[in-house]
Amino acid sequence: MSSTVFAPYARAAGYIDAGGNLVRKKNITSVSRPETGKYVITVETTIKASESVCQATIDRSGDWGTEALAGIPGNPPDDHTFVVWTGKNGGASNQPFHFMVP
């Protein structure tokens, strides 16, 4: 179960653990991890991915040297979906991260 996060200048924000669990959230409706290092994030319908930018950063509890890449999937199921990839040394790995749509 996730708790609410205070993020007054973000339209959507959250903390997702390495297992894909949504720990804290604001305007995020779901997170799935369909494969290693890939997280699909769905936000409230009032937020359009096609008109947004997003950011993701690895949490300090993640492995040293890991990275996060964020964007809109190539074939989004709708206009409210973002994707975050996490990895280490050029390969996918599950890592905890923070996500935000300003």
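**A chain of strands and one of its hairpins**

Q: Which residue in the turn of the hairpin formed by E4 and E5 has a positive phi?
A: E4 and E5, which are strands (DSSP runs of E, at least two residues) numbered from the N terminus, form a hairpin with two residues between them. This is a predicted model in which local features need pLDDT of at least 70, side-chain atom pairs count only at pLDDT 80 or more, and totals for chains, interfaces and linings use all residues. Residues are numbered from 1 along each chain as its sequence is written, and side-chain values use heavy atoms, with hydrogens and water left out. In the turn, the residue with a positive phi, about 75 degrees, is Gly37.

Q: Which residue in E5 stands opposite Glu35?
A: Strand E4 covers residues 28–35 and strand E5 covers residues 38–43. They pair (DSSP finds at least two bridges between paired strands) in the antiparallel sense over five bridges. Opposite Glu35 stands Lys38.

Q: How many strands does the chain have?
A: Read along the sequence, the chain follows the pattern β-β-β-β-β-β-β-β-β-β. It has zero helices (DSSP runs of H or I, at least four residues), and its strands come to 10.

Q: What radius of gyration does the chain have?
A: The globule rule, for a radius taken over C-alpha atoms, is 2.2 Å times the number of residues to the power 0.38. With 102 residues, a compact globule would therefore have a radius near 13 Å, and the chain agrees with this at 12 Å.

Q: How far apart do the centres of the positive and negative side chains lie?
A: Lys and Arg count as positive and Asp and Glu as negative, without His and the chain ends. There are 9 positive and 9 negative side chains, and the centres of the two sets are separated by 5 Å.

Note on methods:
The place of a charge is taken as NZ of Lys, CZ of Arg, CG of Asp or CD of Glu.
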